[in-house]
Amino acid sequence: MNQDPPVPPRVRSSGLWDQPEHLLLWVRTGAARVRMEGHPDFHLTAGEGVWIPANGGSHWAVDTEPGTVAFPLLTHPAITAGALPEPRRFVVPDGWQDWLIQSFNLMVTPLSGNGYSQDALVELLRGPGKRPVRFARPDPPVMPRAGGARDVADELLRNPALDLTVAAWAARVLSSPRTLLRDFRGDTGLTFAQWRLRCRLSAAVAHIAAGHGVDQVAARVGFATHNGFTRAFKQQFGLTPHEFSRNLAARPVASGLTRHADDLMRMMRAQDTPAAPDMLPGARTPSHTNNVHVLIWTYRGSGYLDIGDHRYEQERGVATWIPAGAEHTTGVRENSISLPLGNAGTDDLQLTEPLQVQFPPAWDDYLMFCSISARTPLRPDDYDPGHIAGLFADQVAAQRALSLPMPTGAPARAAAMDYLRHLGTSGGSGPDVPADLHRAFREQTGMSFARWCYAARMRIARDMLAGGATPSAVSRRVGYAHLPTFSAAFTRFHGLPPRDYQQREKA
């Protein structure tokens, strides 16, 4: 499965704003245009927002570019009462963004926490309406630790224009393409393509600061077209290469271009930008049940899900399905943020125990887009509420595949991924497959399809037991209706009963 997240699609939404709450809409990534009846259009880029007062009775419309994540936040009518009677633009400094994301979370979930007073918004909204020119020094890309990936990274740092395929790079460092891609993501949090792009852009800044022409720099760092270079540079830094070069040239010459580039890159927002809240307080829900399965995801810090006397930890990047009908409490710790990603009906997803999967940081923006689409009208025209279940299942399958011998042929691999995708949500026995797939499995994995499915269930069961899940919960998760049947199967495969294996892992 391709591990890269989808790009958030374009969103067009409109309506009549006659609500008693104020609306605060801000752009985290990408760009949006907001139209308000009787007012000039607001063109917003990342870190900018618009304030729409309550009870305005105006028609509004939002149109976002592909790749945009824009958060709508309702604010209490008493906030800025009478002080800001007209729509206006405002800037969201970096330190405020996570505070606003968690405020959105409190708006759309039963979470409640002390310390989230919306009074703090007043000074933010009264601040500068336009973002000052800012160019932040690009951090050097985090280096992978694994030997082959590290060798590739070292070569790209020396010559970012190298344009080998992943297969060619893998052969060059005596690795496999799959291992190389996994090591880059595991060690850096970036796909190989994302890491290489960051490497090239960092090199581009150094070349421009050293006085090289922008057109020369594009080819020098590995971009095939000038337009592609300009687009990537602006998306990363907020300025085009030519704008950066002009700003650099406009500064007085005293001690070399590189020094002036450093000065420019240290430019920050105006000094009157209000300070962000110091800390995100913890928050929790009361004990409650849902009539649908609910998927929650931890974007920052950590949280937890309590069902009965069992606690399921929610680390950074973990998404958890909360089963319908289960009485539970969820919470986030200090300086932590979680978001709901969507729901699934009991007819669409068969689930009796929580099911978890880890999403890498590269998925953050897309998962935020999913949360906004699931809980607000700011969603694509073709929005499918059920797509989140398939997205979760794909990620589960990809992670499970890492611990199994996978067939290499496309038809057999597709059958294997489909089995892993649904294991634990629709039973555990393998589906009927044609005879040629049985032969392919035996040739490519050394196991029949039925034996491969059995091995998949047992290895997943082993990982769950090592993670602290009870044998009865594991039994249901991997498709066994009766615990004794599961225990016998586990013992045959691993040589130890489930409880004995779990005790050994804890020792």
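Here is a short conversation about helix packing and strand pairing in this predicted model.

Visitor: What should I know about the model and its numbering?
Guide: Happy to help: the model is predicted, local features need pLDDT of at least 70, side-chain atom pairs count only at pLDDT 80 or more, and totals for chains, interfaces and linings use all residues. Side-chain values use heavy atoms, with hydrogens and water left out, and residues are numbered along each chain as its sequence is written, from 1.

Visitor: How are helix H3 and helix H6 oriented to each other, roughly parallel or roughly antiparallel?
Guide: Helices (H or I, at least four residues) and strands (E, at least two) are DSSP runs, numbered from the N terminus. Axes are lines fitted to C-alpha atoms, for helices over the stretch in contact, and angles run from 0 to 180 degrees between N-to-C directions. The axes of H3 (residues 147-158) and H6 (residues 192-209) come within 10 Å and cross at roughly 30 degrees. That makes H3, relative to H6, roughly parallel (under 35 degrees; over 145 is roughly antiparallel, 65 to 115 roughly perpendicular and the rest oblique).

Visitor: How many residues in the contact of H3 with H6 are charged?
Guide: Contact means heavy atoms within 4.5 Å. Val152, Ala153, Leu156 and Leu157 of H3 meet Phe192, Trp195, Arg196 and Cys199 of H6. Ala, Val, Leu, Ile, Met, Phe, Trp, Tyr, Cys and Pro count as nonpolar, Asp, Glu, Lys and Arg as charged, and the others, Gly among them, as polar. The contact has seven nonpolar residues, no polar ones, and the charged number one.

Visitor: Which strands stand at the edges of the sheet E7-E2-E5-E8?
Guide: Strands pair if DSSP finds at least two bridges between them. In this open sheet of four strands the pairing is antiparallel. Each edge strand has a single partner strand, so one side of each is left without a neighbour in the sheet: these are E7 (69-75) and E8 (88-91).

Visitor: Which residue in E7 stands opposite Trp26?
Guide: Strand E2 (residues 22-29) and E7 pair in the antiparallel sense over seven bridges. Opposite Trp26, in E7, you will find Phe71.

Visitor: Which residue in E14 is the bridge partner of Tyr304?
Guide: E14 belongs to another open sheet, in the order E9-E14-E11-E12. Strand E11 (residues 303-307) and strand E14 (residues 328-332) pair in the antiparallel sense over five bridges. In E14, the bridge partner of Tyr304 is Gly331.
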